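Let's take a walk through this structure together. Please keep the sequence and the 3D view side by side as we go.

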Amino acid sequence: MTQIGSKEIKRIKRDIERGECDLEKCMNLRNAKLRVELARHGLHVDMLAERNEPRVIVALIENGYAENYYDTWKTHENGDVRYALARRGYYPEVFITDKNKNVRHAAFNQHPEYIRELLSLRNWDDWMHIKYLIRENPRPELILPVVEIESPFGVAESDVMYVYAKAYLTDIDTIRATMTSKQLFMLNDPHWVFGLPYDLAQELNRYRTTLAEIGRLDELISIYDDVYDGERINWGPLRSLD
């Protein structure tokens with residue numbers, strides 16, 4: 001293996017971009033930078049794939065090259081290689097139970113239909129990843145399985161996930177479809193959660209449960225319109241109820 005200076009590397013990179021390079025020098029360098037560059041440009045793919053260098057393999061996968069090797073690489077010992085495949089949506093049935101959580105989560109991000117398989121592993125990191133995705137976008141394909149399965153880490157019945165689940169599982173009539181979130185909230189119609197940020201819906205649901213038990217629900221309803229203007233959350237009015 002040989003070494004060359006940074007200026008020489010930059011010059012060879014420019015050659016690679018033009019489809020020209022000193023192949024022997026690229027292959028014999030100790031540092032894989034230039035072979036990664038070859039991989040990004042889809043040059044000498046089979047030769048690169050056979051070298052079995054993780055960084056180079058990842059570059060091939062990320063740029064859609066060497067697909068005939070993917071079936072072999074799905075069990076590659078290097079997690080970055082498996083992650084690259086999972087991130088592009090390959091082999092979710094394999095990667096959803098991978099020993100590396102990043103690989104599992106990459107597979108799940110591309111294939112949320114595997115949520116039951118992921119939850120069945122009873123892994124805290126997986127549960128936290130699912131909860132994060134729910135907070136970002138509480139869509140039915142995530143909410144409903146979590147409520148149905150009852151995660152081993154627990155989802156209390158007072159959790160707003162149950163409100164979302166009820167909303168997804170019930171139709172809203174034509175009259176209520178014209179109502180505001182506040183009006184639906186007053187009627188205890190679960191569709192009040194739609195259109196609100198998840199964290200706000202969670203807090204409103206928590207306050208509702210707490211204040212209803214002590215006869216102060218009217219106080220929450222009176223400040224309901226002050227906590228969200230459609231863009232920003234104003235936590236002040238809610239915290240004043242503590």
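Which residues make a nonpolar surface patch of about 280 Å²? The patch is formed by W124, M128 and F153. Keep in mind as you look that this is a predicted model. To find one member of the patch, go to helix 11, which spans residues 124-136 and holds M128. M128 has a relative accessibility of 32%, so this residue counts as partly exposed; a patch residue needs over 30%.

From the surface, let's turn to a residue that is covered. R104 sits in helix 9, made of residues 101-110. With a relative accessible area of 6%, R104 is buried, because the cut-off for buried is under 20%. What is R104 in contact with, once neighbours within four places in sequence are left aside? Its contacts are F95, I96, T97, D98 and K99, together with L118, L121, N123 and D126.

Further along the chain, L184 belongs to helix 14, residues 181-186. L184 is buried too, at 5% relative accessibility. Leaving out residues up to four places away in sequence, L184 touches I172, R176 and M179 as well as D189, H191 and W192.

Our last stop is the largest pocket, which holds about 260 Å³ of space. Its lining is made by 14 residues, and V163, K166, N188, N205 and R208 are the ones nearest the centre. Two elements, helix 13 (160-169) and helix 15 (198-213), each give two or more residues to this lining. Helix 15 contributes the most, with 4 residues.

Terms used: Residues numbered from 1 in each chain as written. Predicted model: local features only at pLDDT ≥ 70, side-chain atom pairs only at ≥ 80, totals over all residues. Heavy atoms only, no water. Buried < 20%, exposed > 50% of the residue type's maximum accessible area, 1.4 Å probe, protein only. Contact = heavy atoms within 4.5 Å. Patch = residues over 30% accessible without salt bridge, like charges linked within 9 Å, V, L, I, M, F, W, Y side chains within 5 Å. Areas by Shrake-Rupley, 256 points an atom, 1.4 Å probe, with all protein chains shown as cover. Salt bridge = Lys/Arg side-chain N within 4 Å of Asp/Glu carboxyl O. 1 Å grid on protein atoms, 1.4 Å probe; cavity = no way out; pocket = protein on both sides within 12 Å on 5 of 7 lines; lining within 4 Å. Points joined across faces, edges and corners; volume = space filled by probe spheres on them.
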